[in-house]
Amino acid sequence: MNISPTQDAADRQFMARALQLAELGRYSTHPNPRVGCVIVSGAEVVGEGWHRRAGEPHAEVHALRQAGERAVGATAYVTLEPCSHFGRTPPCADGLIAARVSRVVAAMRDPNPQVAGSGLARLAEAGISVRAGVLEAEARALNPGFIKRMETGLPFVRVKLAMSLDGRTAMASGESQWITGAEARRAVQRLRAQSSAVLSGADSVLADAARLTVRAAELGLEGEQAELALVRPPLRILIDGRLRVPLAAPFFSAGPSLVVCQQLPEHAGAYARAGAELLAVPGVGGRVDLPALLRELAARGVQELLVEAGARLAGAFAQQGLVDEYQIFMAACLLGSSARPLLDWPLAHMAEAPRLNITGLRAVGSDWLISAVPAAPV
């Protein structure tokens with residue numbers, strides 16, 4: 001298909017707007033992807049929509065409703081290939097066909113095997129001109145968990161760490177509250193809210209009396225996005241191989257949770273009464289098999305997993321090559337040589353040192369946030 005420079009520029013402009021709309025669903029669409037749609041007649045936007053929550057209308061439906069009869073002969077810009085199968089809602093490809101749009105531009109093909117090109121094929125068979133791949137990199141960045149789960153059967157693993165300037169996370173005693181300031185803690189709340197699940201280990205939960213909840217007052221969101229962020233709280237996961245965290249701990253009073261252990265205890269009923277599901281994931285050397293756990297979580301629909309753990313558990317994820325992204329908050333303080341390291345990962349030679357690509361660096365209040373991903377092997 002030959003696209004003129006003028007048409008390509010217009011496609012990119014309207015797709016950028018569709019991506020802005022999709023971003024509004026960052027905290028609420030799980031387990032569905034974040035999707036935005038713009039309907040354009042001539043050079044005029046006549047309909048806009050974004051997917052708000054699973055089970056509710058998709059972005060295309062909202063945009064078509066707003067466009068009404070003006071959708072006839074128009075172009076639909078969608079950040080993800082329109083679905084072609086019946087789920088909790090009808091196929092969006094059929095809705096676009098019924099609305100008699102003349103052209104559909106998708107940022108990317110849907111990696112879901114139930115779609116995987118069939119949505120665009122259905123549109124083309126109906127005589128609608130289709131184009132895919134406009135601002136695809138930006139669209140993929142919007143849904144890393146959905147894409148990874150569909151392509152690999154694993155969730156996207158994001159590890160959150162907080163450290164001092166000298167790379168320490170807590171005093172030798174375990175004292176760590178608070179290394180970073182209020183703005184950084186608000187940013188962490190937003191990381192939790194956008195995640196399918198938040199995971200920690202027994203050591204951290206015991207030391208910090210952690211709850212792993214999303215706190216409305218600290219999100220810093222406004223309007224409908226703020227309301228939706230609280231409707232679907234992330235699954236709270238505790239890895240506690242030996243079941244050391246008592247049921248009286250604040251973690252268990254904060255709502256439903258999943259507790260991962262080595263084997264189910266005789267008193268499993270007590271956990272159920274506390275609102276906790278026990279999941280046995282045997283491992284080696286007294287530790288839970290993390291890859292097996294990730295496969296189980298993906299099968300349950302977990303797409304973006306936020307790991308908020310101490311040096312030992314975070315280090316285990318890193319050593320096993322299970323981390324997709326690091327979010328490292330750095331505070332302007334020094335904790336000294338006796339304080340605890342960022343990761344428990346003993347390395348003997350420089351050649352063993354894992355390399356990271358820094359993808360972002362920004363000030364967060366009086367602290368700094370470093371976003372980084374593991375570098376590809378050379």
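Trainee: What makes the contact between the side chains of Arg34 and Glu304 a salt bridge?

Mentor: In this predicted model, the side chains of Arg34 and Glu304 meet with an N to O distance of 2.8 Å. The cut-off for a salt bridge is a side-chain nitrogen of Lys or Arg within 4 Å of a carboxyl oxygen of Asp or Glu, and the 2.8 Å between Arg34 and Glu304 therefore satisfies it.

Trainee: Why is this pair said to tie together parts of the chain?

Mentor: Arg34 lies in the loop between α1 and β1 (36–41), while Glu304 belongs to strand β12, so the pair ties together parts that are 270 residues apart in sequence.

Trainee: How do you know whether Arg34 is buried or exposed, and what can be said of Glu304?

Mentor: Buried means under 20% relative accessible area. Arg34 has 5% and is therefore called buried, and Glu304 is likewise called buried because its value is 4%.

Trainee: What makes Asp11 and Arg103 a salt bridge, and where in the chain do the two residues lie?

Mentor: The closest N and O atoms of Asp11 and Arg103 are 2.7 Å apart, which is therefore inside the limit of 4 Å. The pair links distant parts of the chain, with Asp11 in helix α1 and Arg103 in strand β4 (residues 103–106), 92 residues apart. Asp11 is called buried because its relative accessible area is 0%, and Arg103 is called buried because its value is 11%, each set against the limit of under 20%.

Trainee: Which salt bridge involves Lys148, and why is Lys148 called buried or exposed?

Mentor: Lys148 meets the side chain of Asp324 in a salt bridge, at 2.7 Å from N to O. Lys148 lies in helix α6 (residues 144–152) and Asp324 in the loop between α14 and β13 (325–330), so this pair ties together parts that are 176 residues apart in sequence. At 18% relative accessibility, Lys148 counts as buried, because the limit is under 20%.

Trainee: Which residues are joined into one network by salt bridges that share partners, and how many salt bridges does the whole structure hold?

Mentor: The network consists of Asp8, Asp11, Arg103 and Arg131, and the search of the whole structure finds 21 salt bridges.

Trainee: Which residues of the largest nonpolar core touch the most other members?

Mentor: Met15, Ile39 and Val101 do so, in a core of 42 residues, to which α1 contributes the largest share, 6 residues. A second, separate core has 34 residues, including Met163, Leu293, Ala316 and Met330. Leaving aside residues up to four places away in sequence, Met15 touches Tyr77, Val78, Thr79, Val105, Ala106, Ala107, Val134 and Leu135.

Trainee: Why is Leu19 called buried or exposed, and which residues is it in contact with?

Mentor: Leu19, found in helix α1 (residues 5–23), has a relative accessible area of 12% and is therefore buried. Beyond its neighbours within four places in sequence, Leu19 is in contact with Thr79, Leu135, Glu138, Ala139 and Leu142.

Trainee: What makes helix α14 mostly covered?

Mentor: In helix α14 (residues 311–319), 7 of its 9 residues are buried, namely Ala311, Leu313, Ala314, Gly315, Ala316, Phe317 and Ala318. The helix is followed by Gly321, whose phi is positive, near 65°.

Trainee: Why does Lys160 count as buried or exposed?

Mentor: Lys160 has 16% relative accessibility and therefore counts as buried, the limit being under 20%. This lysine is found in strand β6 (residues 156–163), and its contacts outside the four nearest places in sequence are Val188, Leu191, Leu306, Val307, Glu308, Gln327 and Phe329.

Trainee: Why is Trp368 called partly exposed?

Mentor: Trp368 has 40% relative accessibility, and because partly exposed covers the range between 20% and 50%, the term applies to Trp368. Trp368 is found in strand β16 (residues 367–374), and together with Ile358 and Leu361 it forms a nonpolar patch on the surface, with about 350 Å² of accessible area together.

Trainee: How do you know what confidence the predictor gives to the chain?

Mentor: The chain averages a pLDDT of 89, and 96% of the residues score at least 70. Among the elements, strand β12 (residues 304–307) has the highest mean pLDDT, 98, and helix α10 (residues 223–231) the lowest, 72. Where pLDDT is low, the predicted coordinates should not be read in detail.

Key
Residues numbered from 1 in each chain as written. Predicted model: local features only at pLDDT ≥ 70, side-chain atom pairs only at ≥ 80, totals over all residues. Heavy atoms only, no water. Patch = residues over 30% accessible without salt bridge, like charges linked within 9 Å, V, L, I, M, F, W, Y side chains within 5 Å. Areas by Shrake-Rupley, 256 points an atom, 1.4 Å probe, with all protein chains shown as cover. Helix = DSSP H or I, 4+ residues; strand = E, 2+ residues; numbered from the N terminus. Buried < 20%, exposed > 50% of the residue type's maximum accessible area, 1.4 Å probe, protein only. Contact = heavy atoms within 4.5 Å. Core = buried A, V, L, I, M, F, W, Y, C linked by side-chain atoms within 4.5 Å. pLDDT = per-residue confidence, 0-100.
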